[in-house]
Amino acid sequence: MTASPPTIDPNNDVKDPPSAATSADNNVKEIVMSNVSLPADYLYSSDHEWIDNDAAEPGDTVRVGITHVAADQLGEIVYVDLPDVGTEIEAGEAFGEVESTKSVSDIFAPVSGEVVSINEDLGDDAGVINSDPYGDGWLYEVRISDLGELLDQSAYAVENDIDV
């Protein structure tokens, strides 16, 4: 019953746009289009996952989550199934699921490595992925053994037809 990762059309499910295109707190330039906000210092997979370090290397520990693009397409997220701490994950392979009021979708690993922490708070409020996917809505932390095929902010925006 697991669906493929969502195909994203940035004109679907348009909500009120965010109020700002930059964050004064961390001086991160962001791209904002159709309620899609992409931090410039993250890397992205074609499957709509992110890591929070654009200079990540094997041995580094990074946080992983799903993008606004995926969260908006999924709709209201109600449940997340994540791997256990200690699980070895492989870049590009499915390792968990996100359940929304619309569908169930696989989560794909953007990097290979060992899961060292999961976001326990998602058990009580998986919906935070919709409201704050790049902050409190992170999924897990992984110690990287190998980087997958990742895109910078601009390449991810181009791949998803988001005007920069």
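Reader: I'm looking at the open sheet of three strands. In what order do they stand?
Author: Strands here are DSSP runs of E, at least two residues long, while helices are runs of H or I with at least four, all numbered from the N terminus. Two strands pair if DSSP finds at least two bridges between them. In this sheet the pairing is antiparallel, and the order reads β7-β9-β10.

Reader: And which strands are at the edges?
Author: An edge strand here has a single partner, so one of its sides is left without a neighbour in the sheet. That describes β7 (77–81) and β10 (104–108).

Reader: How much does the sheet twist from one strand to the next, on average?
Author: The angle is taken between lines fitted to C-alpha atoms (for helices, over the stretch in contact), in N-to-C directions and on a scale from 0 to 180 degrees. From one strand to the next, the twist averages 25°.

Reader: Before I go on, what kind of model is this?
Author: Residues are numbered from 1 along each chain as its sequence is written, and side-chain values use heavy atoms, leaving out hydrogens and water. Local features need pLDDT of at least 70, side-chain atom pairs count only at pLDDT 80 or more, and totals for chains, interfaces and linings use all residues, this being a predicted model.

Reader: Got it. Which residue of β9 stands opposite Asp 81?
Author: Start with the strands: β7 and β9 (residues 94–100) run antiparallel, joined by four bridges. Opposite Asp 81 you'll find Glu 97.

Reader: On the other side of β9, which residue of β10 is opposite Glu 99?
Author: A hairpin takes the chain from β9 to β10 through three residues. The two strands run antiparallel with five bridges between them. Glu 99 stands across from Val 104.

Reader: How many of the residues in β10 are buried?
Author: Buried means under 20% relative accessible area, exposed means over 50%, and partly exposed is in between (1.4 Å probe, protein chains only). Asp 106 lies in this strand, and its 23% relative accessibility makes it partly exposed. Still, β10 is mostly covered, and of its five residues the buried ones number four.

Reader: How far is the C-alpha atom of Asp 106 from that of Gly 96?
Author: Along the chain these two are 10 residues apart. In space, their C-alpha atoms are separated by 5.8 Å.

Reader: Now to β6. Which residue of β12 does Val 62 stand opposite?
Author: β6 (residues 61–66) pairs with β5 (residues 49–51) in the antiparallel sense over three bridges, and Val 64 is the bridge partner of Ile 51 there. β6 is also joined to β12 (residues 140–147) by four bridges, again antiparallel. In that second pairing, Val 62 faces Val 142.

Reader: What is the bridge partner of Val 111 in β12?
Author: β11 and β12 run antiparallel and share seven bridges. β11 also pairs with β8 (residues 88–89) over two bridges, where Ile 89 stands opposite Gly 113. For Val 111, the partner in β12 is Leu 147.

Reader: How many residues make up the largest nonpolar core?
Author: A nonpolar core is a set of buried Ala, Val, Leu, Ile, Met, Phe, Trp, Tyr and Cys residues joined through side-chain atoms within 4.5 Å. In the largest one, the residues with the most contacts inside it are Ile 66, Ile 77, Val 80, Ile 129, Leu 139 and Tyr 140, and its residue count is 27.

Reader: Which elements each supply at least two residues of this core?
Author: Both strands and helices take part. The list is β6, α1 (68–74), β7, β9, β11 (111–118), α2 (128–131) and β12.

Reader: Which residues is Ile 66 in contact with, beyond its neighbours in sequence?
Author: Contact means heavy atoms within 4.5 Å. Setting aside neighbours within four places in sequence, Ile 66 touches His 48, Glu 49, Trp 50, Ala 71, Leu 74, Ile 77, Ile 129, Pro 133 and Leu 139.

Reader: His 48 is on that list. Is it buried or exposed?
Author: His 48 is found in the loop between β4 (43–44) and β5. Its relative accessibility is 5%, so it counts as buried.

Reader: Which side chain makes a polar contact with the side chain of His 48?
Author: A polar contact is a pair of N or O atoms within 3.5 Å; within protein, one must be able to donate a hydrogen and the other to accept it, and residues adjacent in sequence count only if both atoms are side-chain atoms. At 2.5 Å, the partner of His 48 is the side chain of Tyr 156.

Reader: And what is the phi of His 48?
Author: Most residues other than glycine have a negative phi. His 48 is not a glycine, yet its phi is positive, at about 75°.
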